[in-house]
Amino acid sequence: MSAAILEEISQNLQQGKANEVATLVQKAIDEGMTAQQILDGGLMAGMDVIGVRFKNNDIFIPEVLIAARAMAAGTDLLRPLLVGENVEKKGTVIIGTIKDDLHDIGKNLVRMMMESKGLDVIDLGTDVSPEQFVEAAIEHNAEIIACSALLTTTMVHIKDVVTAIAESELAGKVKLMIGGAPVNDDFRESVGADYYTPDASTAAEKALEICTAA
Amino acid sequence: MHGCISIIACEVFRAELELLIEEFQFSYTVHFLPQGLHDDPDQLRVRVQGAIDELESSPCPPDRIFLFYGFCGRGLSGVVSKRTPLVLPRIHDCIPLLLGIPQKEKNALAGSEKTFWMSPGWLKYSQLPFATNRKRRFEEYKEKFGEDSANYLIDMEYSWLSEYTSAGLICWDELDRMSPGIEKTADFVARDAGLEVRKVRGSRQYMLEFLNGAENEDLFFTLPPRNTLSLSLTGDFLATPSDEVE
(Lines give C-alpha, C1' and ligand atoms only; values in the text may rest on other atoms or scores of the structure.)
Protein backbone atom coordinates (compact mmCIF):
# COMPACT_ATOMS: atom_id res chain seq x y z
CA MET A 1 0.00 0.00 0.00
CA SER A 2 2.73 2.46 0.95
CA ALA A 3 4.82 1.62 -2.13
CA ALA A 4 1.80 2.18 -4.35
CA ILE A 5 1.01 5.62 -2.95
CA LEU A 6 4.63 6.69 -3.13
CA GLU A 7 4.71 5.65 -6.78
CA GLU A 8 1.51 7.61 -7.39
CA ILE A 9 3.06 10.69 -5.77
CA SER A 10 6.17 10.31 -7.94
CA GLN A 11 4.16 9.90 -11.15
CA ASN A 12 1.89 12.86 -10.45
CA LEU A 13 4.91 14.99 -9.56
CA GLN A 14 6.58 14.09 -12.84
CA GLN A 15 3.43 15.25 -14.65
CA GLY A 16 3.42 18.51 -12.74
CA LYS A 17 0.09 17.85 -11.04
CA ALA A 18 0.53 19.99 -7.94
CA ASN A 19 -2.97 19.62 -6.53
CA GLU A 20 -2.93 15.85 -6.93
CA VAL A 21 0.50 15.61 -5.29
CA ALA A 22 -0.74 17.62 -2.31
CA THR A 23 -3.80 15.36 -1.96
CA LEU A 24 -1.74 12.19 -2.18
CA VAL A 25 0.89 13.46 0.27
CA GLN A 26 -1.87 14.27 2.78
CA LYS A 27 -3.32 10.79 2.22
CA ALA A 28 0.09 9.21 2.88
CA ILE A 29 0.45 11.26 6.07
CA ASP A 30 -3.03 10.20 7.19
CA GLU A 31 -2.13 6.57 6.58
CA GLY A 32 0.77 6.90 9.02
CA MET A 33 3.79 7.18 6.74
CA THR A 34 6.63 9.33 8.04
CA ALA A 35 7.44 12.61 6.36
CA GLN A 36 10.91 11.30 5.54
CA GLN A 37 9.47 8.24 3.79
CA ILE A 38 7.10 10.38 1.72
CA LEU A 39 9.84 12.88 0.88
CA ASP A 40 12.43 10.31 -0.13
CA GLY A 41 10.24 7.64 -1.71
CA GLY A 42 7.65 9.86 -3.38
CA LEU A 43 8.72 13.43 -3.98
CA MET A 44 12.47 13.14 -4.36
CA ALA A 45 12.14 9.92 -6.30
CA GLY A 46 9.97 11.78 -8.80
CA MET A 47 12.36 14.73 -9.04
CA ASP A 48 15.31 12.39 -9.54
CA VAL A 49 13.61 11.09 -12.67
CA ILE A 50 12.97 14.66 -13.79
CA GLY A 51 16.62 15.55 -13.19
CA VAL A 52 17.91 12.68 -15.30
CA ARG A 53 15.46 13.35 -18.14
CA PHE A 54 16.33 17.08 -18.13
CA LYS A 55 20.05 16.35 -18.26
CA ASN A 56 19.43 14.02 -21.20
CA ASN A 57 17.38 16.69 -23.03
CA ASP A 58 14.40 14.40 -22.88
CA ILE A 59 12.33 17.12 -21.22
CA PHE A 60 12.81 20.87 -20.98
CA ILE A 61 12.37 23.81 -18.66
CA PRO A 62 8.53 23.85 -18.59
CA GLU A 63 8.38 20.21 -17.43
CA VAL A 64 10.98 20.89 -14.74
CA LEU A 65 9.17 24.00 -13.53
CA ILE A 66 5.82 22.31 -13.08
CA ALA A 67 7.41 19.25 -11.46
CA ALA A 68 9.26 21.52 -9.02
CA ARG A 69 6.01 23.29 -8.26
CA ALA A 70 4.33 19.95 -7.57
CA MET A 71 7.23 19.03 -5.30
CA ALA A 72 6.81 22.30 -3.41
CA ALA A 73 3.11 21.53 -2.93
CA GLY A 74 4.13 18.29 -1.26
CA THR A 75 7.02 19.63 0.82
CA ASP A 76 4.83 22.45 2.15
CA LEU A 77 2.75 19.77 3.88
CA LEU A 78 5.77 17.81 5.08
CA ARG A 79 7.82 20.71 6.44
CA PRO A 80 6.31 20.95 9.93
CA LEU A 81 6.43 17.17 10.25
CA LEU A 82 10.07 16.98 9.17
CA VAL A 83 10.97 19.39 11.94
CA GLY A 84 9.14 17.16 14.40
CA GLU A 85 10.95 14.07 13.12
CA ASN A 86 14.33 15.71 13.76
CA VAL A 87 15.51 14.97 10.27
CA GLU A 88 19.18 15.63 9.74
CA LYS A 89 19.77 18.50 7.36
CA LYS A 90 21.59 17.57 4.17
CA GLY A 91 23.21 20.94 3.78
CA THR A 92 22.64 24.65 3.17
CA VAL A 93 23.28 26.62 0.02
CA ILE A 94 23.22 30.38 -0.40
CA ILE A 95 22.18 31.24 -3.94
CA GLY A 96 21.80 34.43 -5.94
CA THR A 97 22.67 36.21 -9.15
CA ILE A 98 25.81 38.32 -9.08
CA LYS A 99 25.87 42.06 -8.56
CA ASP A 100 24.12 44.05 -11.35
CA ASP A 101 22.66 40.88 -12.91
CA LEU A 102 18.86 40.54 -12.94
CA HIS A 103 18.58 37.36 -14.97
CA ASP A 104 17.23 34.81 -12.55
CA ILE A 105 15.41 32.10 -14.48
CA GLY A 106 18.43 29.81 -14.42
CA LYS A 107 19.14 30.57 -10.78
CA ASN A 108 15.53 29.77 -9.86
CA LEU A 109 15.78 26.47 -11.69
CA VAL A 110 18.97 25.61 -9.82
CA ARG A 111 17.29 26.48 -6.52
CA MET A 112 14.35 24.19 -7.30
CA MET A 113 16.61 21.30 -8.29
CA MET A 114 18.76 21.75 -5.17
CA GLU A 115 15.66 21.81 -2.98
CA SER A 116 14.47 18.65 -4.67
CA LYS A 117 17.66 17.01 -3.40
CA GLY A 118 16.71 17.91 0.17
CA LEU A 119 19.11 20.84 0.50
CA ASP A 120 18.13 24.02 2.32
CA VAL A 121 18.49 26.85 -0.16
CA ILE A 122 18.56 30.48 0.96
CA ASP A 123 17.73 32.49 -2.14
CA LEU A 124 19.09 36.06 -1.97
CA GLY A 125 17.50 36.95 -5.31
CA THR A 126 19.22 39.11 -7.89
CA ASP A 127 21.91 41.78 -7.88
CA VAL A 128 23.62 40.31 -4.81
CA SER A 129 26.81 41.91 -3.57
CA PRO A 130 29.81 39.83 -2.47
CA GLU A 131 29.27 41.04 1.11
CA GLN A 132 25.66 39.88 1.09
CA PHE A 133 26.70 36.39 -0.07
CA VAL A 134 29.28 36.15 2.72
CA GLU A 135 26.98 37.51 5.45
CA ALA A 136 24.21 35.09 4.52
CA ALA A 137 26.60 32.14 4.45
CA ILE A 138 27.83 33.02 7.94
CA GLU A 139 24.33 33.57 9.28
CA HIS A 140 23.00 30.27 7.93
CA ASN A 141 26.18 28.25 8.45
CA ALA A 142 26.14 27.33 4.77
CA GLU A 143 28.40 24.84 3.10
CA ILE A 144 28.05 26.43 -0.34
CA ILE A 145 27.67 29.82 -1.98
CA ALA A 146 26.23 29.47 -5.49
CA CYS A 147 26.27 32.46 -7.80
CA SER A 148 25.26 32.90 -11.38
CA ALA A 149 25.95 35.50 -14.03
CA LEU A 150 24.31 35.83 -17.40
CA LEU A 151 26.19 38.84 -18.75
CA THR A 152 29.85 39.22 -19.58
CA THR A 153 29.66 42.63 -17.88
CA THR A 154 28.55 41.07 -14.60
CA MET A 155 30.55 37.85 -14.56
CA VAL A 156 33.62 39.91 -13.69
CA HIS A 157 32.06 40.42 -10.21
CA ILE A 158 32.45 36.71 -9.46
CA LYS A 159 36.11 37.39 -8.73
CA ASP A 160 34.93 39.83 -6.03
CA VAL A 161 32.97 37.03 -4.36
CA VAL A 162 36.11 34.85 -4.35
CA THR A 163 38.01 37.70 -2.70
CA ALA A 164 35.25 38.42 -0.17
CA ILE A 165 35.21 34.78 0.91
CA ALA A 166 39.00 34.62 1.17
CA GLU A 167 39.04 37.71 3.38
CA SER A 168 36.29 36.49 5.70
CA GLU A 169 35.93 33.86 8.41
CA LEU A 170 34.58 31.55 5.70
CA ALA A 171 37.98 31.17 4.06
CA GLY A 172 38.67 27.50 3.47
CA LYS A 173 35.27 26.51 4.87
CA VAL A 174 32.65 27.38 2.25
CA LYS A 175 32.71 26.23 -1.38
CA LEU A 176 31.89 28.60 -4.23
CA MET A 177 29.87 27.17 -7.15
CA ILE A 178 29.34 29.25 -10.27
CA GLY A 179 27.21 29.02 -13.39
CA GLY A 180 25.48 30.95 -16.15
CA ALA A 181 25.65 31.10 -19.91
CA PRO A 182 28.94 33.05 -20.31
CA VAL A 183 30.67 31.11 -17.53
CA ASN A 184 32.76 27.99 -18.07
CA ASP A 185 35.37 25.94 -16.30
CA ASP A 186 38.28 27.96 -17.68
CA PHE A 187 36.70 31.07 -16.20
CA ARG A 188 36.19 29.27 -12.89
CA GLU A 189 39.86 28.40 -12.77
CA SER A 190 40.94 31.93 -13.69
CA VAL A 191 38.93 33.54 -10.88
CA GLY A 192 39.61 30.83 -8.29
CA ALA A 193 36.06 29.57 -7.73
CA ASP A 194 35.69 25.97 -6.61
CA TYR A 195 33.12 24.45 -8.95
CA TYR A 196 31.46 25.21 -12.25
CA THR A 197 28.39 23.31 -13.41
CA PRO A 198 26.78 23.68 -16.83
CA ASP A 199 23.12 23.09 -15.91
CA ALA A 200 20.67 23.01 -13.02
CA SER A 201 20.57 19.25 -12.72
CA THR A 202 24.35 18.90 -12.45
CA ALA A 203 24.47 21.83 -10.04
CA ALA A 204 22.07 20.08 -7.68
CA GLU A 205 23.99 16.80 -7.85
CA LYS A 206 27.29 18.54 -7.20
CA ALA A 207 25.88 20.57 -4.30
CA LEU A 208 24.58 17.41 -2.62
CA GLU A 209 27.93 15.72 -3.16
CA ILE A 210 29.77 18.69 -1.60
CA CYS A 211 27.44 18.83 1.42
CA THR A 212 27.63 15.09 1.96
CA ALA A 213 31.42 15.22 1.94
CA ALA A 214 31.56 18.25 4.26
CA MET B 1 39.50 53.70 -48.98
CA HIS B 2 38.48 50.96 -46.63
CA GLY B 3 39.20 47.94 -48.88
CA CYS B 4 36.57 45.31 -49.46
CA ILE B 5 34.52 44.92 -46.31
CA SER B 6 31.84 42.38 -45.50
CA ILE B 7 29.54 42.66 -42.53
CA ILE B 8 28.12 39.86 -40.38
CA ALA B 9 25.38 41.35 -38.27
CA CYS B 10 22.77 40.30 -35.75
CA GLU B 11 19.36 40.99 -37.21
CA VAL B 12 18.62 43.22 -34.22
CA PHE B 13 20.60 45.88 -36.12
CA ARG B 14 18.79 45.47 -39.45
CA ALA B 15 16.69 48.66 -39.34
CA GLU B 16 19.62 50.88 -38.31
CA LEU B 17 22.13 49.27 -40.67
CA GLU B 18 19.87 49.40 -43.70
CA LEU B 19 19.10 53.06 -42.99
CA LEU B 20 22.76 54.05 -42.77
CA ILE B 21 23.93 51.91 -45.67
CA GLU B 22 21.30 53.40 -47.95
CA GLU B 23 21.80 56.96 -46.76
CA PHE B 24 25.58 56.92 -47.14
CA GLN B 25 25.70 54.44 -50.04
CA PHE B 26 28.16 52.06 -48.40
CA SER B 27 28.99 49.23 -50.78
CA TYR B 28 29.42 46.51 -48.16
CA THR B 29 27.77 43.09 -48.32
CA VAL B 30 25.76 42.40 -45.18
CA HIS B 31 24.94 38.96 -43.86
CA PHE B 32 22.27 39.00 -41.19
CA LEU B 33 21.99 36.20 -38.67
CA PRO B 34 18.78 35.72 -36.65
CA GLN B 35 18.23 37.78 -33.52
CA GLY B 36 18.16 35.71 -30.34
CA LEU B 37 21.21 33.52 -30.86
CA HIS B 38 22.60 34.95 -27.61
CA ASP B 39 20.14 32.68 -25.77
CA ASP B 40 22.47 29.85 -26.75
CA PRO B 41 25.98 31.36 -26.95
CA ASP B 42 27.42 28.14 -28.34
CA GLN B 43 24.98 28.32 -31.23
CA LEU B 44 25.82 31.99 -31.80
CA ARG B 45 29.48 31.04 -32.06
CA VAL B 46 28.73 28.26 -34.54
CA ARG B 47 26.61 30.53 -36.74
CA VAL B 48 29.06 33.43 -36.74
CA GLN B 49 31.97 31.08 -37.43
CA GLY B 50 30.02 29.54 -40.30
CA ALA B 51 29.44 32.96 -41.80
CA ILE B 52 33.15 33.84 -41.45
CA ASP B 53 34.18 30.58 -43.09
CA GLU B 54 31.73 31.14 -45.93
CA LEU B 55 33.08 34.64 -46.61
CA GLU B 56 36.70 33.49 -46.52
CA SER B 57 36.05 30.67 -48.97
CA SER B 58 34.01 32.80 -51.38
CA PRO B 59 35.41 33.67 -54.84
CA CYS B 60 35.92 37.28 -53.73
CA PRO B 61 36.84 37.19 -50.04
CA PRO B 62 36.79 40.49 -48.15
CA ASP B 63 39.82 42.38 -46.84
CA ARG B 64 38.14 42.83 -43.46
CA ILE B 65 35.03 41.42 -41.81
CA PHE B 66 33.01 43.68 -39.53
CA LEU B 67 31.09 41.84 -36.81
CA PHE B 68 28.03 43.81 -35.70
CA TYR B 69 27.78 41.89 -32.42
CA GLY B 70 28.43 42.43 -28.77
CA PHE B 71 30.30 39.78 -26.82
CA CYS B 72 26.79 38.48 -26.00
CA GLY B 73 27.30 35.87 -23.31
CA ARG B 74 30.72 34.94 -24.70
CA GLY B 75 29.14 33.93 -27.95
CA LEU B 76 32.03 35.47 -29.90
CA SER B 77 34.75 33.79 -27.84
CA GLY B 78 36.51 31.23 -29.95
CA VAL B 79 35.59 32.67 -33.36
CA VAL B 80 38.62 32.73 -35.62
CA SER B 81 39.52 33.59 -39.20
CA LYS B 82 42.18 32.08 -41.40
CA ARG B 83 43.26 35.21 -43.30
CA THR B 84 40.89 38.09 -42.58
CA PRO B 85 41.02 40.60 -39.74
CA LEU B 86 37.77 40.58 -37.77
CA VAL B 87 36.67 43.96 -36.44
CA LEU B 88 34.14 44.29 -33.67
CA PRO B 89 32.92 47.02 -31.32
CA ARG B 90 34.19 46.88 -27.74
CA ILE B 91 30.74 46.11 -26.34
CA HIS B 92 29.28 43.27 -24.33
CA ASP B 93 25.82 43.38 -25.90
CA CYS B 94 24.05 45.37 -28.63
CA ILE B 95 22.68 48.14 -26.43
CA PRO B 96 25.71 50.51 -26.45
CA LEU B 97 25.85 50.36 -30.25
CA LEU B 98 22.13 51.13 -30.48
CA LEU B 99 22.45 53.94 -27.94
CA GLY B 100 25.53 55.24 -29.75
CA ILE B 101 27.76 55.34 -26.67
CA PRO B 102 30.76 53.35 -25.41
CA GLN B 103 30.20 50.41 -23.05
CA LYS B 104 31.49 52.27 -19.97
CA GLU B 105 29.08 55.13 -20.57
CA LYS B 106 26.19 52.72 -20.95
CA ASN B 107 27.18 50.96 -17.72
CA ALA B 108 27.14 54.32 -15.94
CA LEU B 109 23.64 55.27 -17.11
CA ALA B 110 21.38 55.48 -14.05
CA GLY B 111 19.02 52.53 -13.89
CA SER B 112 20.55 50.93 -16.96
CA GLU B 113 20.62 47.39 -15.57
CA LYS B 114 16.97 47.57 -14.55
CA THR B 115 15.83 48.88 -17.95
CA PHE B 116 14.00 46.66 -20.41
CA TRP B 117 15.65 48.07 -23.54
CA MET B 118 13.64 48.34 -26.75
CA SER B 119 14.67 49.16 -30.30
CA PRO B 120 13.13 48.45 -33.73
CA GLY B 121 15.01 45.14 -33.94
CA TRP B 122 14.32 44.06 -30.37
CA LEU B 123 10.63 44.78 -30.78
CA LYS B 124 10.27 43.17 -34.19
CA TYR B 125 12.22 39.97 -33.64
CA SER B 126 11.80 39.29 -29.95
CA GLN B 127 9.58 41.40 -27.74
CA LEU B 128 6.47 41.81 -29.92
CA PRO B 129 6.30 38.10 -30.85
CA PHE B 130 6.68 37.23 -27.15
CA ALA B 131 3.75 39.48 -26.23
CA THR B 132 1.46 38.54 -29.11
CA ASN B 133 2.10 34.82 -28.80
CA ARG B 134 1.12 34.65 -25.14
CA LYS B 135 -2.33 33.22 -25.91
CA ARG B 136 -0.90 30.63 -28.34
CA ARG B 137 1.71 29.52 -25.80
CA PHE B 138 -0.95 29.27 -23.11
CA GLU B 139 -3.07 27.01 -25.31
CA GLU B 140 -0.06 24.81 -26.07
CA TYR B 141 0.81 24.50 -22.40
CA LYS B 142 -2.84 23.82 -21.53
CA GLU B 143 -3.05 21.04 -24.08
CA LYS B 144 0.16 19.45 -22.83
CA PHE B 145 0.01 20.07 -19.07
CA GLY B 146 -3.49 21.22 -18.14
CA GLU B 147 -4.88 24.68 -17.37
CA ASP B 148 -3.46 25.03 -13.87
CA SER B 149 0.10 24.30 -15.04
CA ALA B 150 -0.40 26.47 -18.13
CA ASN B 151 -1.30 29.49 -15.97
CA TYR B 152 1.73 28.84 -13.79
CA LEU B 153 4.09 28.58 -16.76
CA ILE B 154 2.87 31.82 -18.30
CA ASP B 155 3.35 33.55 -14.93
CA MET B 156 6.88 32.12 -14.75
CA GLU B 157 7.64 33.37 -18.28
CA TYR B 158 6.79 36.88 -17.18
CA SER B 159 8.40 36.66 -13.75
CA TRP B 160 11.79 37.72 -15.13
CA LEU B 161 10.27 41.03 -16.20
CA SER B 162 9.44 41.86 -12.58
CA GLU B 163 13.10 42.74 -12.04
CA TYR B 164 12.88 45.64 -14.49
CA THR B 165 11.67 49.04 -13.34
CA SER B 166 10.97 50.58 -16.73
CA ALA B 167 11.11 50.03 -20.48
CA GLY B 168 13.49 52.24 -22.47
CA LEU B 169 12.78 52.82 -26.15
CA ILE B 170 16.01 53.80 -27.88
CA CYS B 171 15.09 56.67 -30.16
CA TRP B 172 17.20 57.72 -33.11
CA ASP B 173 16.10 60.85 -34.92
CA GLU B 174 14.91 58.66 -37.78
CA LEU B 175 13.01 56.28 -35.55
CA ASP B 176 9.66 56.52 -37.23
CA ARG B 177 11.23 56.29 -40.70
CA MET B 178 13.10 53.10 -39.66
CA SER B 179 10.06 51.54 -38.09
CA PRO B 180 6.67 53.25 -38.64
CA GLY B 181 4.33 53.00 -35.68
CA ILE B 182 7.08 51.83 -33.37
CA GLU B 183 6.01 53.97 -30.41
CA LYS B 184 2.59 52.32 -30.38
CA THR B 185 4.26 48.89 -30.58
CA ALA B 186 6.58 49.79 -27.72
CA ASP B 187 3.60 50.91 -25.61
CA PHE B 188 1.79 47.64 -26.29
CA VAL B 189 4.78 45.48 -25.41
CA ALA B 190 5.59 47.49 -22.30
CA ARG B 191 1.99 47.27 -21.05
CA ASP B 192 2.04 43.53 -21.60
CA ALA B 193 5.19 43.41 -19.46
CA GLY B 194 3.67 45.66 -16.79
CA LEU B 195 6.14 48.48 -17.45
CA GLU B 196 6.05 52.17 -18.39
CA VAL B 197 7.94 53.24 -21.52
CA ARG B 198 10.39 56.12 -21.47
CA LYS B 199 12.15 57.42 -24.54
CA VAL B 200 15.92 57.32 -24.40
CA ARG B 201 17.80 59.35 -26.94
CA GLY B 202 20.06 57.18 -29.12
CA SER B 203 22.57 58.18 -31.72
CA ARG B 204 23.81 56.79 -35.00
CA GLN B 205 27.35 57.94 -34.22
CA TYR B 206 28.87 54.68 -32.98
CA MET B 207 27.47 52.65 -35.85
CA LEU B 208 28.51 55.29 -38.35
CA GLU B 209 32.08 55.25 -37.03
CA PHE B 210 32.04 51.51 -37.46
CA LEU B 211 30.82 51.73 -41.05
CA ASN B 212 33.33 54.47 -41.78
CA GLY B 213 36.24 52.21 -41.04
CA ALA B 214 36.33 51.52 -37.29
CA GLU B 215 39.56 53.42 -36.75
CA ASN B 216 39.07 54.42 -33.12
CA GLU B 217 40.83 51.72 -31.12
CA ASP B 218 39.05 52.78 -27.96
CA LEU B 219 35.76 51.80 -29.60
CA PHE B 220 36.79 48.94 -31.87
CA PHE B 221 38.88 45.82 -31.48
CA THR B 222 40.61 44.09 -34.38
CA LEU B 223 41.11 40.37 -34.02
CA PRO B 224 44.04 39.33 -36.23
CA PRO B 225 43.72 36.21 -38.38
CA ARG B 226 44.45 32.90 -36.61
CA ASN B 227 43.60 34.42 -33.24
CA THR B 228 40.61 33.76 -31.03
CA LEU B 229 38.76 36.30 -28.93
CA SER B 230 38.48 36.08 -25.17
CA LEU B 231 37.85 38.34 -22.19
CA SER B 232 40.26 39.38 -19.49
CA LEU B 233 39.15 39.16 -15.88
CA THR B 234 38.35 42.88 -16.05
CA GLY B 235 36.18 42.46 -19.14
CA ASP B 236 38.62 43.69 -21.80
CA PHE B 237 38.91 41.97 -25.17
CA LEU B 238 41.96 39.80 -25.75
CA ALA B 239 43.40 38.07 -28.83
CA THR B 240 45.02 34.69 -28.31
CA PRO B 241 46.87 32.81 -31.07
CA SER B 242 44.94 29.73 -32.12
CA ASP B 243 46.52 26.32 -32.74
CA GLU B 244 43.41 24.99 -34.37
CA VAL B 245 43.33 26.93 -37.63
CA GLU B 246 44.61 24.91 -40.61
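This report walks through how two chains meet in a predicted model, and then looks at some helices and salt bridges inside them.

**Where the chains meet**

Let's start with the meeting place of chain A and chain B. On one side, 27 residues of chain A take part, and they are in contact with 24 residues of chain B. Put together, the two chains bury about 2200 Å² between them, and 60% of that sits on carbon and sulfur atoms. Which three residues of chain A supply the most buried area against chain B? They are R69(A), L102(A) and T152(A), which supply 27% of the area that chain A buries there, more than any other three residues.

You can also count the links across the interface. The rule finds 2 salt bridges between chain A and chain B. R69(A) turns up again here: its side chain meets that of D148(B) in a salt bridge, at 3.1 Å from N to O. On top of that, 6 residue pairs are in polar contact across the interface, with both residues at pLDDT 80 or more.

Which helices of chain A each give at least two residues to the side that touches chain B? Look for α4 (61–84), α5 (105–116) and α8 (185–191). Of the elements in chain A, α4(A) gives the most to that side, with 5 residues. Sorted by class, the residues on the side of chain A that touches chain B come out as 14 nonpolar, 8 polar and 5 charged.

**Two pairs of packed helices**

Two packed helices are described by the angle between their axes and the distance between the axes. Here are two pairs to find in the structure:

| Helix pair | Angle | Distance between axes |
|---|---|---|
| α5(B) (residues 120–132) and α6(B) (residues 134–145) | about 55° | 4 Å |
| α3(A) (residues 35–55) and α9(A) (residues 200–213) | about 130° | 8 Å |

Take the chain B pair to begin with. With an angle of about 55°, α5(B) is oblique to α6(B). P129(B), F130(B), A131(B) and T132(B) in α5(B) meet R134(B), K135(B) and R137(B) in α6(B). By class, that contact has 3 nonpolar, 1 polar and 3 charged residues.

Now for the chain A pair. At about 130°, α3(A) is oblique to α9(A). From α3(A), the contact uses G51(A), V52(A), F54(A) and K55(A), while α9(A) brings A200(A), S201(A), T202(A) and E205(A). This contact of α3(A) with α9(A) divides into 3 nonpolar, 3 polar and 2 charged residues.

**Salt bridges in the whole structure**

How many salt bridges does a search of the whole structure find? The count is 23 over all chains. One to look up is the salt bridge between the side chains of E115(A) and R111(A), at 4.0 Å from N to O. These two residues are separated by about one helical turn, because E115(A) and R111(A) are 4 residues apart in helix α5 of chain A.

Key. Residues numbered from 1 in each chain as written. Chains lettered and ligands numbered in written order. Predicted model: local features only at pLDDT ≥ 70, side-chain atom pairs only at ≥ 80, totals over all residues. Heavy atoms only, no water. Contact = heavy atoms within 4.5 Å. Buried area = accessible area lost by both parts, 1.4 Å probe. Polar contact = N/O pair within 3.5 Å; in protein donor to acceptor, adjacent residues only side chain to side chain. Nonpolar A, V, L, I, M, F, W, Y, C, P; charged D, E, K, R; others polar. Axes fitted to C-alpha atoms, helices over the stretch in contact; angles between N-to-C directions. Parallel < 35°, antiparallel > 145°, perpendicular 65-115°, else oblique.
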